[in-house]
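Open the model in your viewer and keep the selection tool at hand. Each stop below names something to select and then says what is there.

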Amino acid sequence: MLTRNCLSLLLWVLFDGGLLTPLQPQPQQTLATEPRENVIHLPGRRSHFQRVKRGWVWNQFFVLEEYMGSEPQYVGKLHSDLDKGEGTVKYTLSGDGAGTVFTIDETTGDIHAIRSLDREEKPFYTLRAQAVDIETRKPLEPESEFIIKVQDINDNEPKFLDGPYVASVPEMSPVGAYVLQVKATDADDPTYGNSARVVYSILQGQPYFSIDPKTGVIRTALPNMDREVKEQYQVLIQAKDMGGQLGGLAGTTIVNITLTDVNDNPPRFPKSIFHLKVPESSPIGSAIGRIRAVDPDFGQNAEIEYSIVPGDGGNLFDIVTDENTQEGVLKLKKPLDFETKKAYTFKVEASNLHLDHRFHSAGPFKDTATVKISVLDVGEPPVFSKPLYTMEVYEDTPVGTIIGAVTAQDLDVGSSAVRYFIDWKSDGDSYFTIDATEGTISTSELLDRESTAQYNFSIIASKVSNPLLTSRVNILINVLDVNEFPPEISVPYETAVCENAKPGQIIQIVSAADQDLSPAGQQFSFKLSPEAAIKPNFTVRDFRNNTAGIVTRRNGYSRRQQELYFLPVVIEDSSYPVQSSTNTMTIRVCRCDSDGTILSCNVEAIFLPVGLSTGALIAILLCIVILLAIVVLYVALRRQKKKDTLMTSKEDIRDNVIHYDDEGGGEEDTQAFDIGALRNPKVIEDNKIRRDIKPDSLCLPRQRPPVEDNADIRDFINQRLQENDMDPTAPPYDSLATYAYEGNGSVADSLSSIESLTMEADQDYTYLTDWGPQFKVLADMFGEEESYKTDKVT
């Protein structure tokens with residue numbers, strides 16, 4: 001390769017005069033035959049007919065960074081083949097750093113760096129060279145571009161940009177367990193020399209950890225490192241360039257490594273026996289003590305579950321774990337009694353919730369301890385014999401009557417006397433009193449059940465030896481009813497009897513009501529008062545079910561003789577003492593129909609059952625009268641309309657004439673005769689109404705005589721044909737639809753009026769009188785017309 005390049009350069013110098021070429025290549029490609037200075041030859045101009053050959057072109061210079069010499073650093077030289085050394089050529093320099101970083105001698109073309117350069121700040125500069133004639137100021141050469149590259153020196157130490165580092169590794173990890181990878185960065189040129197080749201090492205942290213010198217991966221170097229022995233480690237890591245050789249630059253960082261916890265330790269009780277003292281007055285569910293097992297692990301690995309081993313006291317106590325302190329909290333499930341039992345002993349077990357299978361071989365992760373509980377005697381308040389006392393007393397009981405008693409005892413050792421008193425905050429404090437020593441309750445005022453039927457208050461018992469120890473119990477006193485109110489008839493107090501009533505007829509059923517609290521099974525009895533029994537117009541029949549019936553005693557009653565009867569009824573109850581009352585029933589005599597329905601007593605009495613007053617009755621009657629007037633008016637209008645329909649013009653005698661404004665109906669006119677009659681003349685047409693005139697809904701269909709043979713149909717059609725021929729207002733066409741029966745073969749022959757030669761004067765309607773009463777109106781109409789024509793002629 002080197003030989004080929006030298007031959008190419010030699011041929012170019014001999015035949016082409018030179019190109020823009022630095023004679024000093026990159027250091028690894030320097031030519032032995034070239035001068036040692038950096039020279040750029042600018043090719044001279046050639047005639048237009050001379051061929052220009054371009055050879056090997058160097059376009060890069062090198063300059064050392066951080067140059068500290070007293071003279072400007074020489075970079076290279078520009079030279080043109082047209083420069084004969086006579087001073088007629090001027091060299092110029094432009095581009096990156098021209099004039100500020102690099103200068104050029106305009107005459108010789110020498111390039112110098114006038115200040116120190118930093119490759120890490122700018123690794124290369126791109127410049128452009130130009131050779132210009134001094135006199136004409138015209139360029140002698142095309143502008144040529146070249147690069148000045150700053151050559152690196154080892155002036156930057158490796159740096160840990162992400163340091164300091166924090167890492168963790170589980171305790172008890174094996175040797176070689178991965179911890180962390182660190183990375184140092186060197187700003188020097190990694191492509192030139194060893195300035196950026198970094199090697200890692202540990203300066204502090206051995207023998208616990210090791211690091212890979214090339215990758216920077218940190219691993220554990222000792223087995224079974226215990227977090228409970230040492231948890232935190234600080235490792236100092238060094239990164240050195242130049243492959244770690246002497247003279248290289250180095251940087252350091254700190255890695256803080258924490259051993260994370262694993263469950264490698266079971267819980268342990270610090271002592272085998274725990275003594276607790278619990279007052280017997282401790283409430284159920286309260287915490288009576290705490291015990292704790294120690295687990296050197298951390299977090300969930302130190303979570304402990306406590307349980308009571310079945311045995312003595314297991315049914316009286318319970319233990320739960322305090323999640324914050326991991327203590328076992330003993331709680332009371334049942335009340336304690338010093339007088340019954342003074343001490344309890346049982347065992348408690350502590351175990352881990354989260355086990356690690358790698359350490360099962362170390363043994364069971366649990367421990368047990370004994371708990372001894374001593375019950376302390378506490379002064380207790382008196383205890384009532386019942387949780388609730390219920391008593392009864394009759395109303396109007398004399399003041400001072402004892403109605404009951406309460407009892408409370410002191411169950412402590414060396415019992416004390418008990419005193420009773422009423423809680424004065426209750427409502428019953430003014431109606432009852434209690435004996436402080438005996439606990440008997442008596443009335444202090446008269447009681448009224450109708451005012452207050454029940455009293456509820458509290459009794460307090462206290463110890464004489466310690467009045468602060470008190471207990472409370474509720475007292476419920478029910479006031480019993482005394483029969484003091486007589487029964488009375490429930491509504492209604494008034495009834496009615498028909499004038500045509502029969503003896504023994506029940507006209508009203510009555511019942512009774514009592515203001516007293518009637519006990520179950522109480523009965524009311526009904527009877528007439530002694531003075532009413534003298535006049536037996538009515539009597540009372542007791543049904544023995546707290547109801548009675550008012551019964552008639554004679555046949556017929558007259559309003560003229562007596563409109564009202566007053567019947568005194570005596571009602572008694574069955575309580576003690578017996579109470580009775582006399583209630584007067586008002587019986588009104590009314591006129592009734594045969595079914596017993598009341599027709600009239602008076603206006604008020606008639607509508608009393610439905611709750612209608614006289615004003616409402618008058619309003620209803622007025623509405624009925626108005627409705628009747630409307631109906632009569634409507635019927636009169638309908639009759640007048642019917643009469644007007646029958647009085648239409650007698651001249652309108654045409655049949656099947658349809659009024660159109662266009663001419664011709666022809667075969668499409670289907671509103672003429674019903675063709676069924678022509679097909680089957682035997683059919684009786686009961687209701688044949690003209691189709692060209694809207695019929696009146698009140699008009700009855702015209703009755704026609706039954707058609708017996710084809711002759712009648714033919715005569716009928718001829719009659720209608722003649723009528724239309726003689727009618728000057730008839731349209732110039734007939735409205736009869738022919739269908740398939742017009743022409744030869746038709747039973748009725750031709751129906752067209754075109755072939756008819758009859759005239760209106762030839763018509764004779766006297767035969768209509770022979771058709772019967774159904775055609776009387778038609779005969780009268782045409783008879784009048786004939787007489788009119790006769791009179792007109794005469």
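Begin by selecting Met242, which is partly exposed, with a relative accessible area of 22%. The cut-off for buried is under 20%, so Met242 at 22% does not count as buried. Met242 sits in the loop between β15 and β16. Its phi is near 55 degrees, a positive value in a residue other than glycine. Keep in mind throughout that the model is predicted.

**The whole chain**

Now select everything. How many helices and strands does the protein chain have? There are 6 helices and 41 strands. The chain has 794 residues, and buried residues make up 36% of them. Its accessible surface comes to about 47,100 Å², and 54% of that belongs to carbon and sulfur atoms. Take the contacts between residues at least 6 apart in sequence: 67% of them join residues at least 24 apart.

**A sheet of four strands**

Go back to the two strands on either side of Met242, β15 and β16. Both belong to an open sheet of 4 strands, with the order β10-β16-β15-β12 and mixed pairing. Select β10 (165-170) and β12 (199-204) to see the edges. Each of these has a single partner strand, so one side of each is left without a neighbour in the sheet. On average, neighbouring strands of this sheet are turned by 35 degrees against each other, direction ignored.

Next, add β16, residues 250-260, to the selection with β10. In which sense do β10 and β16 pair, parallel or antiparallel? They pair in the parallel sense, over 6 bridges. To follow the pairing, select Val166, whose bridge partner in β16 is Asn256. Then select Pro170, which stands opposite Thr260 in β16.

Replace β10 with β15, residues 232-240. β15 and β16 pair in the antiparallel sense over 9 bridges. Here the residues to select are Val235 and Val255, with Val255 in β16 and Val235 opposite. While the strands are on screen, look at the side chains: in a regular strand they alternate between the two faces of the sheet.

**Two cis peptide bonds**

Select Gly163 and Pro164. The peptide bond from Gly163 to Pro164 is cis, with omega near -5 degrees. Pro164 is in the loop between β9 (144-151) and β10.

Then move to Gln206 and Pro207, where the peptide bond is also cis, with omega near 10 degrees. Pro207 lies in the loop between β12 and β13 (209-211).

**A buried glutamine in a loop**

Select Gln326, in the loop between β20 (317-321) and β21 (327-332). Is Gln326 buried or exposed? Its relative accessibility is 16%, so Gln326 counts as buried. Show the residues around it: leaving aside neighbours within four places in sequence, Gln326 is in contact with Arg292, Ala302, Glu303, Ile304, Tyr306 and Thr321. Zoom in on Ile304, whose backbone nitrogen lies 2.8 Å from a polar atom of the Gln326 side chain.

**Another positive phi**

Select Asp396, in the loop between β25 (388-394) and β26 (402-405). Its phi is near 65 degrees, a positive value in a residue other than glycine. At 43% relative accessibility, Asp396 is partly exposed.

**The disulfides**

The last stop is the cysteines. The count of disulfides is 2. Select Cys498 and Cys592, which are joined with an S to S distance of 2.0 Å. Cys498 is in strand β34 (residues 494-498) and Cys592 in strand β40 (residues 580-592), so the pair ties together parts that are 94 residues apart in sequence. The torsion about the S-S bond is about -85 degrees, so this disulfide is left-handed. Cys498 is buried at 10% relative accessible area, and Cys592 is buried at 11%.

Now select Cys590 and Cys601, whose sulfur atoms are 1.3 Å apart in the other disulfide. Cys590 lies in strand β40 and Cys601 in the loop between β41 (598-600) and α2 (603-606), so this pair ties together parts that are 11 residues apart in sequence. Here the S-S torsion is about 120 degrees, so the disulfide is right-handed. Both Cys590 and Cys601 are buried.

Show both pairs together: with bonded cysteines counted along the chain, the disulfides follow the pattern 1-3, 2-4. Finish with Cys623, which is partly exposed at 46% relative accessibility.

Methods:
Residues are numbered from 1 along each chain as its sequence is written. This is a predicted model: local features need pLDDT of at least 70, side-chain atom pairs count only at pLDDT 80 or more; totals for chains, interfaces and linings use all residues. Side-chain values use heavy atoms; hydrogens and water are left out. A disulfide is a pair of cysteine sulfur atoms within 2.5 Å. Buried means under 20% relative accessible area, exposed over 50%, partly exposed in between (1.4 Å probe, protein chains only). Two strands pair if DSSP finds at least two bridges between them. Axes are lines fitted to C-alpha atoms, for helices over the stretch in contact, and angles run from 0 to 180 degrees between N-to-C directions. Contact means heavy atoms within 4.5 Å. Accessible areas come from the Shrake-Rupley method with a 1.4 Å probe; for residues, only the protein chains shown count as cover. A polar contact is a pair of N or O atoms within 3.5 Å; within protein, one must be able to donate a hydrogen and the other to accept it, and residues adjacent in sequence count only if both atoms are side-chain atoms.
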